[in-house]
Amino acid sequence: MRIGSMAEKRSFKCKPFKVTHFIVLILSLFPKISSSQSYNYGDALSKSLLYFEAQRSGRLPYNQRVGWRHHSGLTDGLDQGVDLVGGYYDAGDNVKFGLPMAFTMTMLSWGVIQFRDQIADGGELRHALEAIKWGTDYFIKAHTHPHVLWAQVGDGDTDHLCWQRPEDMTTSRRAYKLDEENPGSEVAAETAAAMAAAAIVFRTTNPHYSHLLLEHAQQLFEFGDKYRGKYDETIEGAKGYYTSVSGYKDELLWAALWLYKATDNSTYLNYAIQNANAFGGITWAISEFSWDVKFAGLQLMASLLPMEGKNEQQRQILQQYRSKAEHYLCACLNKNNSTNVQRTPGGLLYTRQWNNMQYVSTAVFSLTVYSDHLQSTNQMLNCHKDSVGPTEILSFVRSQVDYILGSNPVGVSYMVGYGAAYPKKVHHRGASMDPYRDSKVFVGCTQGYDSWYGRQDPNPNVLVGALVGGPDSKDGFTDRRGNFVQTEACTYNTAPLVGVFAKFNALEKSNSSSLVSSI
């Protein structure tokens, strides 16, 4: 995928079916967060992390769970004399785009930082850490010098001329680098943010690795800041796929805040304070958050920083960051006097036609994080129309999550592999053809289009855990492989939902346990 503009029980041995019906009745009468239907958020959590294994590039490990995938991209970087094997394919194609890959890892890491205990309680912490490390291991390889970052492998134009499994690729695997003469501040800063966030994730379980990530993050931030320039002017092939509409200033602020969070070094905080106005951090009131536009995310991060120990200027700027963050959150909740996020008739947040679910997933993540913050500090979110408490925010988040999982006018789960009805013809090269491990018969460039792309049958492989682009503004959805606007899934769609699923799984378990205990 690509373009977004500024711009996807306790069981009882005695008569369990009667007790189960009784528990369901009690839960429906006394929910902590209202919903018309209860979903298995633990299953959604597990499936969301499984998806990242389907997107892996490189030599797959012995414990690979997605059996229809195999090794791919084993010569990436060879022509340039660098090892770029590994990382992730961003969506349904076979290009490794650095900007969305880094954003995916940042959001996945943020989810683990915020909801680590809940992910562990859901039995998925190991898989979450593996998913992050698969990405950060690649970033370490790609950062070959303090001022050199390999930001892309493959070419979108030639890749899209072919419909091939990644194991069969015959398209260009040219690698594109950023350096002092060819800058790309967006990718350098986003990769710095990803590695700083991951450094926090691994701080206790793998301190040596955490330190290594932090060293790379600091170097990349310095590189991106000192040698400023738009990455898609250096790598022109990125335009049309991941065009940087917002520029690089949001990424620089975002990276500085992540480095401050990872190091507690006031130099990074001062950078975000001193550049807050000039870089748009406290001037842009944004109603979307994506791989391109980070303002809402960095404003949220700044608003979560404690005021204790800050000087007067820092407190004032942080309060302005918070004001802009709350504008975004209130827009999602339809609580601003103007500039609210549009909704479909079925209630889904709707930002734009192409891969709308990416904006839904970042919105629900942001709202969930801020709800926790309000709960822990005993505060309310003050919007133009009224004040909103953490429970009401979570109730809205749940409505969005449940819409994704099937509570929608079409009755389809937009998470592939979840529930009985979900997209069967996902726009994804590897999923749409016979598994390479079962059929090692080579599929040529155009042969894939001739033999597989236009088939009316469901994909042979289920891309479990993938969040597709989703419905249109009227809740309409057409499950067709060629309908890439709606049926293509992206790593950055699923990444923000991992922590949210874990949060709701923990809430459901807590509610069920307390209610059963009282029976």
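A residue is counted as buried when its relative accessible area is under 20%. In the predicted model described here, Ala302 has a relative accessibility of 1% and therefore counts as buried. This residue belongs to helix H11, which covers residues 295-303. Apart from neighbours within four places in sequence, Ala302 is in contact with Leu257, Leu318 and Tyr321. Gly448 is separated from Ala302 by 146 residues in sequence, and the C-alpha atoms of the two are 47 Å apart in space.

The protein as a whole contains 17 helices and seven strands. Its radius of gyration is 22 Å, close to the 24 Å given by the globule rule for 519 residues, so the protein is as compact as a globular protein of that length. The C-alpha trace spans about 65 × 60 × 45 Å along the principal axes. Of the 519 residues, 61% count as buried. The exposed surface amounts to about 19500 Å², of which carbon and sulfur atoms supply 51%. Charged side chains comprise 49 positive and 50 negative ones, and 7 Å separates the centres of the two sets.

Helix H3 comprises residues 98-121 and has a bend of about 90° at Phe115. This helix is mostly covered, with 18 of its 24 residues buried. Just after H3, Gly123 adopts a positive phi of about 75°.

Positive phi values were also examined outside glycine. Most residues other than glycine have a negative phi. Asn378, which is not a glycine, nevertheless has a positive phi of about 55°. Asn378 is located in the loop that runs between helix H13 (357-377) and strand S6 (381-382). The relative accessible area of Asn378 is 73%, and the cut-off for an exposed residue is over 50%, so Asn378 is exposed.

Asp475 is likewise a residue other than glycine with a positive phi, here near 70°. The loop that holds Asp475 lies between helix H15 (445-453) and helix H16 (484-487). With a relative accessible area of 5%, Asp475 is buried, because the value is under the limit of 20%. The two loop residues thus fall into opposite classes, as Asn378 is exposed, whereas Asp475 is buried.

Note on methods:
Residues are numbered from 1 along each chain as its sequence is written. This is a predicted model: local features need pLDDT of at least 70, side-chain atom pairs count only at pLDDT 80 or more; totals for chains, interfaces and linings use all residues. Side-chain values use heavy atoms; hydrogens and water are left out. Helices (H or I, at least four residues) and strands (E, at least two) are DSSP runs, numbered from the N terminus. The radius of gyration is taken over C-alpha atoms; the globule rule is 2.2 Å times the number of residues to the power 0.38. Buried means under 20% relative accessible area, exposed over 50%, partly exposed in between (1.4 Å probe, protein chains only). Accessible areas come from the Shrake-Rupley method with a 1.4 Å probe; for residues, only the protein chains shown count as cover. Lys and Arg count as positive and Asp and Glu as negative; His and the chain ends are not counted. The place of a charge is taken as NZ of Lys, CZ of Arg, CG of Asp or CD of Glu. The bend at a residue is the angle between axes fitted to the seven residues ending there and the seven starting there. Contact means heavy atoms within 4.5 Å.
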